[in-house]
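User: I'd like to go through this one and check what backs up each label. Can you take my questions one at a time?

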Amino acid sequence: MADVVQYKLERMVNELDDLERRGLFSRREIAEIVKQRRKFEYRLKRPSPLKQDYLAYIDYEKSVDALRVLRKKAAMRELKKKSEEEDVKGGLKKTKPKMKQSVSDFSGVSRIVEIYRSATNRFKGDIELWFQYLEFCRQRRNGHMKKVLAQVIRFHPKVPGVWIYAASWEFDHNLNAAAARALMQSGLRSCPSSEALWVEYLRMELTYLNKLSARRAALGEDVGPLVADRHDPEDKQWRDENKELFMPIDGETGDYKELSEQNKELTQKIDFFREQGLNILQTVYKCAVEALPSSFSLRTQFLEILEATNLANSENMQKEILSDMKSEFSKDPGYWDWLAKYEAAGRKSTHDVEKEIMPDQLFNAIQVYDEALKTIPSSTMFDSYVKFLMDTINRTGPTKRSTLSDSSDNDVDPVSHVLMVYEKAQSMGCITEDLACQHVSFLLELGRSDDARNLAEKLCGGELSMAVGLWVLHLSIEIKRIGTPSKADLSFVFDLLQTPLRKLVVSQAESLWLMGLKYFSNHKHYFDKLVDISLSSLIRDGGSDDGFSLSSAIVNFVLQRNGIQSARDMYKRFLAIPRPGLAFYRNCIEMELNLASADGAKTHLVEARKLYEAALSTYDQDASLWQDYHFMESKMGTSETAAAVHWRARKTLKGNTTLLS
């Protein structure tokens, strides 16, 4: 290994001598470069070099070469300045000095290419590394691009990005449309299920056709570009200001007949390019749909390309694509949501739906959603419908909502229509907890608190009786309506609260329990009733170590309100139920230890030991519990108690634990 490294370093002698001779690096800097290169070379000669070793070497060589370029430019400036001074003194004509190319100008890039080659040979499957290699070759234009592209295609023929990159390089850099087309077609044969390949292939063909039309325009045959709405405003302004330079071509007598014939010929050329572009789009679209019949996004991308180009009979092609989409995806809610937004944007790309929607466009979108509900009535469809209408309302704002209903033929009020959609979802049995909460919240936003209250009461007593979020909203409305509660109000709220608490699983009703505990924390009678309900619910559901711990929440409320003794009495009640959760034990232990650290009373340590012993009686195979117990004794107990816990842990866990560091 040392011989190979030494041989590589010896091959750098000419380059390093050249750098020193030209004054770009000092001898000391060159010695440091040799030292760093030796270190990197030894890393690469290990039995299993890492990818990071290669990348670190490449980054170092890039920084050295960048420094060489900067210093060479500085040397050129100094040489130019010195030459100008000498020319002025001698009265000679100014000459531009040059620094000849030498071995050091090429060796840095060659070395980086060699490192990349070694890295890709070792990590052939790392496509990211290959693309870094390609980008380096493209930026430096070192002549290795074709060879590297051939290698990466050979190793990764199933990666669509490789074919796209290769075709793009041939098309943009080499200006070789035939080679780019051959690469894309080979890529489509290797990856027929790639949407990106089909779309980029179509873009490439249309771009090539547009270049041909632009070339005709440059030669004086102004056939116009294929890109829609891309006319140069400066060119148009120049033509308008210099009309006298152009001869009219509308006349039919004298010399104007010849010009009229030329105009007809020009129109035919324009139509030819547009028809050719449409034929390309139709052909590629047909093949792409055959290869990917279930791809919805492929068709939307083809529509976007069609909108961006100025092709002959594009409206017919647009209708054909939309018809195919409806026949293939009429059972997909995503299709109907896209189609409605497409109509809202004026039958353009859905990216334009962010703009203000005109009344007729909103009416068309609503018709699409209504048709979708007849085809696939589902909660997902209703959710998309409501979201679209709410986005429309939020985008227009309260001061502009009336403008959406100014049309006499297509009168649509989005606010009332949202309410109608909510009611329709309920009548069709597609109401969900999320939709119900949105409905109630929207009524509250409109100031219709009585309607919101009645709706929440109706839904909570009906099909959504197990919806926690809706119950929370219902209780919030009632509590806000009551304000300062009387005895009758407290009884009413408690009766309303206990209905879902007795039905729902404790882990699902966290927000309801916390709301109730907070509301009744200063009312002992009802708080005690909630504790009784919690005990029966925990006995029914069992202790939980994941997520919400109801018993811990109640003990914390009691601790803050009545102090430690009441909290102890409370957690002992919960510890009496069958198999309390380990999370509850830990919460009680933490509470006792925090108080022990605060006031130093030994009673807290005694209670913490009791809690550890009770927890270990059920969870004696939990190593972390033993570890925490041992840590507490080491910190707050004695060496004897800590040793005793350690011995018991090793005996119980049979030595399979790491208690001490």
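User: Let's start with a cysteine. What makes Cys460 buried?

Analyst: Cys460 has a relative accessible area of 3%. Buried means under 20%, exposed means over 50%, and partly exposed is in between, with a 1.4 Å probe and protein chains only. So 3% puts Cys460 in the buried class. Before we go on, this is a predicted model: local features need pLDDT of at least 70, side-chain atom pairs count only at pLDDT 80 or more, and totals for chains, interfaces and linings use all residues. Residues are numbered from 1 along each chain as its sequence is written, and side-chain values use heavy atoms, with hydrogens and water left out.

User: How do you know that Cys460 has no bond to the closest cysteine sulfur?

Analyst: That closest sulfur belongs to Cys437, and it sits 8.3 Å from the sulfur of Cys460. A disulfide needs the two cysteine sulfur atoms within 2.5 Å, so this pair is too far for a bond. The structure as a whole holds zero disulfides. Cys137 is another buried cysteine, at 2% relative accessibility.

User: Why are the buried residues of helix H2 said to line one face?

Analyst: Helix H2 covers residues 13-21, and its buried residues are Glu15, Leu16, Asp18 and Leu19. Seen down the H2 axis, they fall within an arc of 160 degrees, so they line one face of the helix. The arc is taken from the directions from the helix axis to the C-beta atoms. Asn14 and Arg21 are exposed on the other side of H2. Just after the helix comes Gly23, with a positive phi of about 80 degrees. Helices here are DSSP runs (H or I, at least four residues), as are strands (E, at least two), numbered from the N terminus. The chain has 30 helices and zero strands.

User: What makes Glu15 and Arg111 a salt bridge?

Analyst: Their side chains meet at 2.4 Å, N to O. The cut-off is a side-chain nitrogen of Lys or Arg within 4 Å of a carboxyl oxygen of Asp or Glu, so the pair qualifies. Glu15 in helix H2 and Arg111 in helix H5 (residues 104-122) are 96 residues apart, so the pair links distant parts of the chain. Both residues are buried, Glu15 at 6% and Arg111 at 13%.

User: Which other residue meets Arg111 in a salt bridge?

Analyst: Glu61 does, at 3.7 Å, N to O. Glu61 lies in helix H4 (residues 51-90) and Arg111 in helix H5, so the pair ties together parts that are 50 residues apart in sequence. Glu61 is buried too, with a relative accessible area of 1%.

User: How many residues apart are Asp65 and Arg68?

Analyst: Three, about one turn of helix H4, where both lie. Their side chains form a salt bridge at 3.1 Å, N to O, and both residues are buried. Salt bridges that share partners join them with Asp18, Arg21, Arg22, Lys72, Asp105 and Arg140 into one network. The whole structure has 35 salt bridges.

User: Where does pLDDT stay under 50?

Analyst: Residues 242-254 are one such stretch, and residues 398-408 are also below 50. pLDDT is the predictor's confidence in each residue, from 0 to 100. Where it is low, the predicted coordinates should not be read in detail. The chain averages 84, and 85% of the residues score at least 70.

Terms used. Contact means heavy atoms within 4.5 Å.
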